[in-house]
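Please find below my notes on the model, set out as numbered points that begin with a helix and then turn to the pockets.

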Amino acid sequence: MKNYFTSRKSHIAAGAFSLLLLSACGNGGSTETAEEQKTAWDEIQEQGSMTVATSGTLLATSFHDAKTDELTGFEVEVVRELGKRLDLDIEFKELGFDEMLTSVNTGQIDIAANDIEITEDRLDNFIFSTPIKYSYGTAVVRKDDLSGIKTLEDLKGKKAAGASTSIYMEIAREYGAEEVTYDNATNEEYLRDVSIGRTDVILNDYYLSTFGVAAFPEMNITIHPDIKYSPSEVGLVMNKDNKELADNVNRVIEEMLEDGTITEISAEFFGGADVSKKSDID
């Protein structure tokens with residue numbers, strides 16, 4: 001019996017020692033796992049800032065003021081207010097459209113803000129915020145002859161200017177237009193090329209196009225009076241894995257929509273129009 005109990009005690013002691021080892025390893029492992037599981041939102045809060053991609057060349061959502069050269073625009077100011085309410089500094093990084101989406105995808109930036117339309121394909125790859133802008137497509141053409149375009153069917157063979165991966169260039173290609181692309185060019189360059197006949201048309205968002213045409217009254221350009229298509233929704237773009245960031249962004253955007261802040265910012269940049277309200281275009 002003595003041998004049995006001695007053996008039994010030895011097994012218990014060994015088991016307890018093993019448990020201590022496992023417990024120690026477990027605690028160490030948990031600490032490492034917690035560090036590994038730190039979210040993008042945790043890192044943003046630690047840094048006290050967010051990096052936001054925008055073009056700086058897109059009237060009236062992201063551009064440089066002609067007098068001060070300060071970056072401003074509808075989405076730029078929405079993001080600035082978002083940062084204030086989240087108690088975060090905003091670092092803007094000016095990129096071309098394709099580069100900004102790639103940078104969101106690779107985690108180099110936290111948010112892209114550049115009139116980016118919410119589509120099913122993009123929702124497969126990114127998280128979009130609650131919509132901050134509703135609009136529809138229009139066409140910028142020459143004022144004197146409407147660039148020979150009456151309907152979208154007349155785009156066949158016409159030179160359409162824009163970003164290759166934009167929704168509007170996809171529409172232009174569908175209707176047989178010849179694609180003319182630019183590398184993050186200014187609005188003035190796009191519009192002047194239509195005016196002088198280097199290109200024929202720019203398919204784009206109605207509000208942005210209206211602002212752009214009004215900014216250059218000396219040019220031979222106008223908004224086509226009869227072309228309206230593709231109702232759209234625009235939101236801020238985030239990495240698909242950054243759900244906690246998206247939750248906080250949406251919480252504040254919904255506050256800004258409810259208290260009228262986004263309506264006020266819209267009125268400042270879109271001639272009094274409230275782009276936060278849905279359009280009645282089919």
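1. At the N-terminal end of α8 (206–215), D205 acts as the cap, with a side-chain oxygen 3.0 Å from the backbone nitrogen of Y207. This is a predicted model, in which local features need pLDDT of at least 70 and side-chain atom pairs count only at pLDDT 80 or more, whereas totals for chains, interfaces and linings use all residues. Residues are numbered from 1 along each chain as its sequence is written, and side-chain values use heavy atoms, with hydrogens and water left out.

2. Y207 is also among the buried residues of α8, together with L208, S209, G212 and V213 (buried means under 20% relative accessible area, with a 1.4 Å probe and protein chains only). The buried residues of this helix pack against β2, β8 (133–142), α7, β11 and β12 (221–223) (contact means heavy atoms within 4.5 Å).

3. The largest pocket has a volume of about 750 Å³, and of its 42 lining residues, L58, A163, S166, Y190 and N204 are the closest to its centre. Elements giving two or more residues to this lining include α7 (187–196), β11 (202–205) and α8. By class, the lining comprises 21 nonpolar, 15 polar and six charged residues.

4. The second largest pocket, of about 290 Å³, has among its lining residues H64, D65, D69, E188 and F216. Both β3 (62–64) and α7 supply at least two residues of that lining, which divides into four nonpolar, five polar and three charged.

Notes
On a 1 Å grid over the protein atoms alone, a cavity is a set of points where a 1.4 Å probe fits but cannot get out, and a pocket is an open set with protein on both sides within 12 Å along at least five of seven lines; lining residues have an atom within 4 Å of a point. Grid points are joined across faces, edges and corners, and a volume is the space filled by probe spheres set on the points. Helices (H or I, at least four residues) and strands (E, at least two) are DSSP runs, numbered from the N terminus. Ala, Val, Leu, Ile, Met, Phe, Trp, Tyr, Cys and Pro count as nonpolar, Asp, Glu, Lys and Arg as charged, and the others, Gly among them, as polar. Buried means under 20% relative accessible area, exposed over 50%, partly exposed in between (1.4 Å probe, protein chains only). A polar contact is a pair of N or O atoms within 3.5 Å; within protein, one must be able to donate a hydrogen and the other to accept it, and residues adjacent in sequence count only if both atoms are side-chain atoms.
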